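I opened this one without any background and kept a running notebook. Here is what I looked up, in the order I got to it.

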Amino acid sequence: MTVEQKTLSRSISDFFWKEELTLATAESCTAGNVAAAITAIPGSSKFYKGGVVAYANETKENLLHVSHDTLVAHGAVSEETITEMIHGALQTFGTDYAVATSGISGPAGGTPDKPVGTIWIAAGNKDKILTQLLSGDEGREINIQNATVKALQLLLKFRSVEEK
């Protein structure tokens, strides 16, 4: 875990502890790295309820309740899918907040419309969801690290936007 991930994870932990709120993760391209960053902070079990690594579309459908029609129409790497992954994580884990990732980390799997490095991230609750599109291929490992950091940052940004 990078120093930046540790700093972000500490801020997230401090907030969720203080506010007594709960969190879940729904990850595809980051393969549990967001959850690992969050749970690296001692005491995270007080607020972190669990996560799903949903690489396969069937897993997105069955565990995160992503609509088959959404996956067919927009693909797994889309704003529509990432939004449904947030709703599914909130429902599956019964949490106050969720953070999600879905993308193409590489080195293969890209298309002209969705090249390697195309990654959607989201953070939200039952009332509001923020999404962000990442692009640019820096290699699989860096793509995953960047998506993990950006997902943690988006969760913190969501909290500050929500407070306004």
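**Entry 1: the end of a helix.** I started at the residue right after helix 5, which is Gly-94, and its phi is positive, near 60 degrees. A note to myself before going on: this is a predicted model.

**Entry 2: helix 5 itself.** I wanted to check its length. Helix 5 covers residues 79-93, and at 1.5 Å a residue its 15 residues should span 21 Å. I looked at the end C-alpha atoms and they are 21 Å apart, so expectation and model agree.

Which residues of helix 5 are buried? I listed Thr-81, Ile-82, Met-85, Ile-86, Gly-88, Ala-89 and Leu-90. Next I asked what covers them. The cover includes two helices, helix 3 (57-64) and helix 4 (68-74). It also includes strand 1 (23-27), strand 3 (97-103), strand 4 (119-124) and strand 5 (129-134).

**Entry 3: Phe-93.** This residue sits in helix 5. Is Phe-93 buried or partly exposed? Its relative accessibility is 24%, and the cut-off for buried is under 20%, so Phe-93 counts as partly exposed. Leaving out residues up to four places away in sequence, I found that Phe-93 touches Ala-24, Thr-25, Lys-49, Gly-50, Gly-51 and Val-52. I also looked up Tyr-48, which is 45 residues from Phe-93 along the chain; their C-alpha atoms are separated by 9.6 Å.

**Entry 4: the sheet.** In what order do the strands line up? I read off 2-1-3-4-5, an open sheet of 5 strands with mixed pairing. Strand 2 (48-53) and strand 5 are the edge strands, each pairing on one side only. On average, neighbouring strands are turned by 10 degrees against each other, direction ignored.

I then went to one end of that order. Strand 4 and strand 5 pair in the antiparallel sense, over 6 bridges. One residue I checked there was Gly-124, whose bridge partner in strand 5 is Ile-129.

**Entry 5: helices on the sheet.** Helix 3 packs on the sheet and touches strand 1, strand 2 and strand 3. Its direction makes about 145 degrees with that of strand 2. Back to helix 5: this helix lies across strand 1, strand 2, strand 3, strand 4 and strand 5. I noted its angle to strand 3 as about 140 degrees.

**Entry 6: aromatic rings.** How many aromatic pairs does the structure hold? I got 4. One of them joins Phe-15 and Phe-16, edge-to-face, with 5.3 Å centre to centre and 90 degrees between the planes. Phe-15 has a relative accessible area of 14%, so I put it down as buried. Phe-16 is buried too, at 2%.

Phe-16 also pairs with Tyr-97: the ring centres are 5.6 Å apart and the planes stand at 85 degrees, so this pair is edge-to-face. Why did I underline this pair? Phe-16 lies in helix 1 (residues 3-19) and Tyr-97 in strand 3, so the pair ties together parts that are 81 residues apart in sequence. Tyr-97 is buried, with a relative accessible area of 6%.

Last note of the day: ring pairs link Phe-15, Phe-16, Phe-47, Tyr-97 and Phe-158 into a cluster.

Methods
Residues are numbered from 1 along each chain as its sequence is written. This is a predicted model: local features need pLDDT of at least 70, side-chain atom pairs count only at pLDDT 80 or more; totals for chains, interfaces and linings use all residues. Side-chain values use heavy atoms; hydrogens and water are left out. Helices (H or I, at least four residues) and strands (E, at least two) are DSSP runs, numbered from the N terminus. The expected span of a helix is 1.5 Å times one less than its number of residues. Buried means under 20% relative accessible area, exposed over 50%, partly exposed in between (1.4 Å probe, protein chains only). Contact means heavy atoms within 4.5 Å. Two strands pair if DSSP finds at least two bridges between them. Axes are lines fitted to C-alpha atoms, for helices over the stretch in contact, and angles run from 0 to 180 degrees between N-to-C directions. Rings of Phe, Tyr and Trp (its six-membered ring) pair if their centres lie within 6.5 Å; planes under 30 degrees apart count as stacked, over 60 as edge-to-face and the rest as tilted.
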